[in-house]
There are 2 protein chains.
Amino acid sequence: MSKAGDDEGVPDGWSQPSQLLEGKAAGGKQSKLSTASFLPSWTKVSCPCCASDRVEPLVLVKLGVKVVPETKRWLIKLIGTPKKDGGADLMAHPGEDATGDIIVVSAPRCTLQRAVEELGLCKMYCNGDMEAFSYSDRDNFKNSDNMEGFLTLAERQYIVKYELDGLRAQKDLRVPGLPENFTLKKRDIIWQKLGSVGVIVDTLPLHNPNKLKDLSKAWYFGNQLVQPLDEINEYFGSPVAFYFSFLDFYTWSLLPPAMMGLFIAYSSGDDQKEIPEAGSQVGEIQEDSGFVISGHMILAVFSMLWSTVVMEMWKRRSASLSYRWGTLNLAERFAEPRPGYRGELGTNPVTGRVEPLFPEWQRGLRMALVSVPVVGLFLGLVVLGMMCFYWGEARVQKLHTDWDSLLTQTLLYAPSVLHIVYTNMLATVYNTAVQSLTEYENHREESAHQNHLTAKVLVFTFFNYFAVLFHIAFFKRDVPLLRKRLASLLIVSQLVNQTTEIVIPYLVDRYVSSPNRNEKEDGSEEDKFRNQGMMPPFPGLFAEYIELLVQFGYLSLFSCVFPLTAVLLLLNNLTEIRSDAYKICKLFRKPFSPPVGDMGVWQIAFEVLSFVSVVSNCWLLVLSPRLQEKCRRGEMSSTDLLLGAVIVEHLLILVKVIIAALIPDEPNWIRKKKEQWEYKSMQALRQ
Amino acid sequence: MSKAGDDEGVPDGWSQPSQLLEGKAAGGKQSKLSTASFLPSWTKVSCPCCASDRVEPLVLVKLGVKVVPETKRWLIKLIGTPKKDGGADLMAHPGEDATGDIIVVSAPRCTLQRAVEELGLCKMYCNGDMEAFSYSDRDNFKNSDNMEGFLTLAERQYIVKYELDGLRAQKDLRVPGLPENFTLKKRDIIWQKLGSVGVIVDTLPLHNPNKLKDLSKAWYFGNQLVQPLDEINEYFGSPVAFYFSFLDFYTWSLLPPAMMGLFIAYSSGDDQKEIPEAGSQVGEIQEDSGFVISGHMILAVFSMLWSTVVMEMWKRRSASLSYRWGTLNLAERFAEPRPGYRGELGTNPVTGRVEPLFPEWQRGLRMALVSVPVVGLFLGLVVLGMMCFYWGEARVQKLHTDWDSLLTQTLLYAPSVLHIVYTNMLATVYNTAVQSLTEYENHREESAHQNHLTAKVLVFTFFNYFAVLFHIAFFKRDVPLLRKRLASLLIVSQLVNQTTEIVIPYLVDRYVSSPNRNEKEDGSEEDKFRNQGMMPPFPGLFAEYIELLVQFGYLSLFSCVFPLTAVLLLLNNLTEIRSDAYKICKLFRKPFSPPVGDMGVWQIAFEVLSFVSVVSNCWLLVLSPRLQEKCRRGEMSSTDLLLGAVIVEHLLILVKVIIAALIPDEPNWIRKKKEQWEYKSMQALRQ
């Protein structure tokens, strides 16, 4: 492994300490060398118990090119200063060249442990249970003296960022080396302010090439059926781990609908397809079966129940993962507010800490009076765009049949092109708008901010994707068109996905990243770090989640008109897992990952979709060719048909609600565990 | 007041201590007398700090007539024995005659305080906030040395019952004076076992006549618009107080629909009523208005939204009451299981206490495989009965028209009579069945047991009440009949209620209770206590709640066909408050009231009803005379009408869900308070 590490250009000197701690048989020569050459430059730790001769580089801070050494020294000092004196209590390293534009940051043990307590992370207690970490009881937690075993890499890096972001000026002060007119005011957020004037260009977590190599081997090389979820959590943090866990869970749960779909497509696919085209000829076949129940209907009911059960089971799985990763009861509410939070300075009534306060009702007002109308407006614009598109298409179609020239022929494409341009522009404007809207809503917690932002983008994107399908299903009431559209969407989107997610990444890696890599191999550690900063930043999981949500939407909302949906999705997802894993490991910077306990707003989005699916499926049942045929031949009044569908819908919603209520959201053992925590804290409070 | 007390036969001697503590100017003469004559007989308190010369009689234990003095002495000793020796740590008094068939029980301070901690009640801390009571921190709670001010009367009495019920044999033992073959086995519940062999006939809390008199004055004498909720909670405990709070809240919230109903009945009542009978004549009037929107529809939509808002606001009110009464975070889960709980003896994984354990999944299985089918069977029998009734009625009607004799005339009544007999028998059998079913489900907590029992009875009763109305609305689709039926139900049920709840109680009190009362006046304290045992036991709040639920059902489900519903209900409830108060104060024994934090299952029942109301109202909209008329004249296809109603229904459900999500279930200050508790216990746990 050590050899492989060399080949890949591992910054051995920096990563060695962690290898030693993990007891791996790494090359001894390099470890000595690195310890000797780097340690003198790390800032001293303020707390004597944390002094250690092995320091792991965690985070890279990139400074602006114009930053003078004076400012850099001041920054390094600030990072190393104890908290009570307004510093971050971390360790900084100026890089090989003390005047260079990077600072490498690490964290001593006590700072990490205190932050773990503040974040409310759970860690393994000496009796093997997960317990909320307590700094004063730290000796009873497993591995509490070995930070590499105690915390995941993602947690350590996030804590460094958390501490840096939390740096506030204790009094008005000038930063050495910066112009006179730039002063930090009391309680200013130093990191944000320095970022705004270009002193700090970037803060990014560093890859650990050895670990990354092990992870990729276990993850996407070969034909593994199981993803190394714990290792993903260790390396990339819980948000990424939750995404891949869900992707995994969801992919496997596609098996039943895929088999069902295959069976139905095989057994009844033929007559179903022919009915709309040639109703009367196949009348006899229908009479034979004697029922009005078709595969169509069975699949509709099945997919409704399936989606409920899957989401309920996922909640349970999510709770166990969250327990395993120690994020089951995060204390974000009781920690410092996020850096962007504004408000009048006051005493937090709960924690007694002095911090900005912002009344809840005012946030509610802003959401109700500003955010909701603006989002509504944009959704209205989407609908307007769609209407213009249909109107325009009809007009040019007519024009073409009337005039039939080359000009009109090219004009035929105009509505589509205009619509695509319009939609893309709208999306760009919208994304900028919701950023400011969410900032304006002024959420106290980072997770709340993220969830509200995601929810806004989500609604718009989803609407964009499904408006056309809903239009076909509910207004045009044209099942064959819906089927055609769905099939082409599924196949086209898969081809596009595979291309963008596998082929392009591969090409990029081969022809863009590889030259970088060669350059790295004989460069210094510092260059290697600097090169990581050259990679594009990780774009976040939004695009990945929305892809799953849209898939889930196709499947649960419309799959009854195209039974093979689940099969196609299953095939797609098996490659999706690998391409996503490859992307995050190789093509982007490592992202910072705050610890999270679940999928956040995505959980809700999937559940809402699963509810809407009942309505949609029941409506598609009404449109089902067999029943429409019956109506046309007068065997059944359309009022009765509609009434029947409404009754079935209400029953199914009832069944759905009952299923959701009957399957507990947490496994029994987690409920027990939570009760134990509650009981213990009740007892502790009484003493 | 002291004089009034004498007139009413107050047992001054026993109640005096509490008066002294409350600092009331009561007759000094009697207080001395009682203290002198009674104190020698109370058992000694084991804890020296609780010794007091004033003991308040709280609970009366009635023994079987055959119980020998030996057994009584043993029981008194058991009640007074400290807990660690297997006793109840209470105080017992043998009554005036040491061999008589009563024992009066009271509780020393430490026992009460420890129980308050175990139950998880909140009490006022020295800083004015409510905090979970902690025995070790007791000196910092207000009034903690004065039990009459610290705990409510209802709480003190409940704690005595809680301790008596919790008595368990520490080893196999024989009870002196009972036959040889009766032995208590280890861990047997003594009170239950002695009850089953007739040693203990009854355990009842004692009235405090002075307080009762004050309470009734503030409550139902005169024209108060506000009920003395805190005093009700003090005297009767939180379940009763929650019922009256809800009754009060609900009655006031009837004002908007009542005004709306009056307005609509006045402005559009006439043409509405005539349309079904004489459609074509009023056609022009409709054309005049130009809209298809009638008062009918406005009322339907209004009552749906109204019911949502009312229930959401009630949740907030309920949370504040619960905070005020210290029942916001009860710790029933962590206390001893209820006496009837069976299971294999083991260690509770949460509390570490040795107690019977019963796996959750087994309870779930019993509920799914036994309870649900049995309840379903009974509901089926109700429907069957209704069908038989309709069938029978049609048959005798035909018979009567065919034959027309005196015999057939009397036969006309047969189906109704048979149906009533059948329904009543079914209800009796059902009530017995669900008792055993719920016992079989083996719930650990008393509240869970009660809620499951109530839910079962509730479903059946509700079904019984509404089956006919639903049948008329959904199958016969006959709005005029529904209107007639609803009006008669409302008026008849109110007349019946007023009779049973005011006239009969008054008569009973005048001619049955008054003789008792005269007898009391010159009897001893003991006789007065004994007389309380002669009153009928309090039948519980089920009948009261179901009455409200049925009212709420009439209003939210069907009121749009009879706009005056809310007005009639408002009038009814204003008297209902008084009659209910009179009943509970005068006509029954005082009930034991476990502290509760909300209305329990009733909350859910009201909310479910409020959801069903959307479906029901939308359906009634479809049946609305104006729209049906349009259909009949071909201005609108019935499919379109139905489709419109379905869309409106879905939109309204969406609005309802959004309203429910937007109105927080707890006021902001309670949320803050809870967060404070959570933060404090988190901090405590860390130390």
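In what follows, a residue is called buried under 20% relative accessible area, exposed over 50%, and partly exposed in between, with a 1.4 Å probe and protein chains only. The model is a predicted one, in which local features need pLDDT of at least 70 and side-chain atom pairs count only at pLDDT 80 or more, whereas totals for chains, interfaces and linings use all residues. Residues are numbered from 1 along each chain as its sequence is written, chains are lettered from A and ligands numbered from 1 in the order in which they are written, and side-chain values use heavy atoms, with hydrogens and water left out.

The relation between the two chains is a convenient place to begin. A turn of 180° with a shift of 0.0 Å along the axis lays chain A on chain B with an RMSD of 0.1 Å, the copies being superposed by least squares on the C-alpha atoms of residues with pLDDT of at least 70 in both. This is the relation of a two-fold axis, and the same surface serves both copies, since 100% of the contact residues of chain A recur in chain B, where contact means heavy atoms within 4.5 Å.

Across this interface, 37 residues of chain A are in contact with 37 residues of chain B. The area buried between the chains, that is, the accessible area (1.4 Å probe) that two parts lose on being put together, summed over both, is about 3,300 Å², and carbon and sulfur atoms give 62% of it. Of the area that chain A buries against chain B, 19% is supplied by A:Val350, A:Tyr679 and A:Arg686, more than by any other three residues.

Eight salt bridges are counted between chain A and chain B, a salt bridge being a side-chain nitrogen of Lys or Arg within 4 Å of a carboxyl oxygen of Asp or Glu. The side chain of A:Arg686 meets that of B:Glu117 in a salt bridge, at 3.6 Å from N to O. Helix 5 (109–119), helix 23 (601–622), helix 25 (638–662) and helix 26 (668–686) of chain A are the elements that give two or more residues to the side of chain A that touches chain B, with helices (H or I, at least four residues) and strands (E, at least two) taken as DSSP runs numbered from the N terminus. Helix 26 of chain A provides the largest share of that side, 13 residues.

On the partner chain, eight of the eleven residues of helix 5 of chain B are buried, B:Glu117 among them. These buried residues pack against helix 26 of chain A, together with strand 4 (122–124), helix 6 (147–150) and helix 7 (153–165) of chain B. Just after helix 5 of chain B, B:Gly120 takes a positive phi of about 80°.

Other salt bridges lie within a single chain. A:Lys315 forms one with A:Asp665, the closest N and O atoms being 3.5 Å apart, and this pair links distant parts of the chain, with A:Lys315 in helix 14 (residues 295–324) and A:Asp665 in the loop between helix 25 and helix 26 of chain A, 350 residues apart. A:Lys315 is buried, at a relative accessible area of 16%, whereas A:Asp665 counts as partly exposed at 37% relative accessibility. In chain B, the side chains of B:Glu56 and B:Arg156 meet in a salt bridge of 2.9 Å, N to O; B:Glu56 is buried, with a relative accessible area of 8%, and B:Arg156 counts as buried at 1%.
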